[in-house]
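Colleague: I am new to this model, and I would like to understand the reasoning behind each label as well as the label itself. Could we go through it with the picture in view?

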Amino acid sequence: MIVLDIAMIISLLKPGDERRQMIVWKASTWTLAGITGSLVFSIAERIIKSHEMQVNPFTTLTAAATIYFICLLFYKKKYGD
């Protein structure tokens with residue numbers, strides 16, 4: 001999973017043409033939406049159950065990298081990069 005996290009950072013920093021930038025932008029948007037939704041759901045669940053809030057940053061980063069690469073592959077296939 002560490003390799004996936006590093007690959008995500010490299011992919012975000014790698015320059016490219018407008019099509020590649022659009023693909024990375026769309027993948028990044030869906031990743032942000034997925035992680036934000038997950039965190040909001042987790043917070044609501046902890047408040048309802050009256051548990052302390054615990055967020056493991058490595059798990060969150062790994063989930064972000066996984067969502068990012070799934071979206072990136074989808075948009076690369078869709079837009080042909």
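## Reading the labels

Modeller: Let us begin with L73, which is found in helix 3. Please keep in mind throughout that this is a predicted model.

Colleague: Why is L73 called exposed?

Modeller: The relative accessible area of L73 is 58%, and the label "exposed" is given to values over 50%, so L73 falls into that class. As for its place in the fold, L73 is 47 residues from K26 in sequence, while their C-alpha atoms are 11 Å apart in space.

Colleague: What makes W25, which has its place in helix 2, an exposed residue?

Modeller: The reasoning runs along the same cut-off, over 50%: W25 has a relative accessible area of 54%, and therefore counts as exposed. Between the C-alpha atoms of W25 and K76 there are 12 Å, although 51 residues separate the two along the chain.

Colleague: And V40, which also lies in helix 2; why is V40 described as exposed?

Modeller: V40 comes out at 51%, and because the class asks for a value over 50%, V40 is exposed. The C-alpha atom of V40 is 25 Å from that of F74, a residue 34 positions away along the chain.

Colleague: Why, then, is I9 in helix 1 only called partly exposed?

Modeller: The relative accessible area of I9 is 47%, and since "partly exposed" covers what lies between under 20% and over 50%, that is the class I9 receives. I9 and K26 stand 17 residues apart in sequence, and 15 Å lie between their C-alpha atoms.

## Buried residues

Colleague: How do you know that T31 of helix 2 is buried?

Modeller: A residue is called buried when its relative accessible area is under 20%; T31 has 7%, and therefore it is buried. Once residues up to four places away in sequence are set aside, T31 touches A64, I67 and Y68.

Colleague: What makes T62, in helix 3, count as buried?

Modeller: T62 has a relative accessibility of 11%, and because the limit is under 20%, the label applies to T62. With its neighbours within four places in sequence left aside, T62 is in contact with M1 and D5.

Colleague: Which residues of helix 2 are buried, and what do they pack against?

Modeller: In helix 2, which runs over residues 18-49, the buried residues are R20, I23, V24, A27, T31 and I35, and they pack against helix 1 (2-13) and helix 3 (57-79). In helix 3 the buried residues are T62, A64, A65, Y68, F69, C71, L72 and Y75, and their cover includes helix 1 and helix 2.

## Helices and the chain as a whole

Colleague: How do you know that the length of helix 2 agrees with what is expected?

Modeller: Helix 2 has 32 residues, which at 1.5 Å a residue should span 46 Å, and because its end C-alpha atoms are 46 Å apart, the two values agree. Helix 3, with 23 residues, reaches 32 Å from its first C-alpha to its last, which is close to the 33 Å expected.

Colleague: What comes just after each of these two helices?

Modeller: Just after helix 2, S50 takes a positive phi of about 55°, and just after helix 3, G80 takes a positive phi of about 65°.

Colleague: How many helices and strands does the protein chain have, and how does its radius of gyration compare with that of a compact globule?

Modeller: There are 3 helices and 0 strands in the protein chain, running α-α-α from the N terminus on. For a compact globule of 81 residues the radius of gyration would be near 12 Å, whereas the protein chain has 15 Å. Taken along the principal axes, its C-alpha atoms fill a box of roughly 50 × 25 × 15 Å.

Colleague: What share of the residues is buried, and what share of the contacts joins residues 24 or more positions apart?

Modeller: Buried residues make up 21% of the 81 residues. Among contacts with a separation of 6 or more, 83% are between residues 24 or more positions apart. The accessible surface of the protein chain comes to about 6,000 Å², and carbon and sulfur atoms account for 71% of that area.

Technical notes:
Residues numbered from 1 in each chain as written. Predicted model: local features only at pLDDT ≥ 70, side-chain atom pairs only at ≥ 80, totals over all residues. Heavy atoms only, no water. Helix = DSSP H or I, 4+ residues; strand = E, 2+ residues; numbered from the N terminus. Rg over C-alpha atoms; globule rule 2.2 N^0.38 Å. Buried < 20%, exposed > 50% of the residue type's maximum accessible area, 1.4 Å probe, protein only. Contact = heavy atoms within 4.5 Å. Areas by Shrake-Rupley, 256 points an atom, 1.4 Å probe, with all protein chains shown as cover. Expected span 1.5 Å × (residues − 1).
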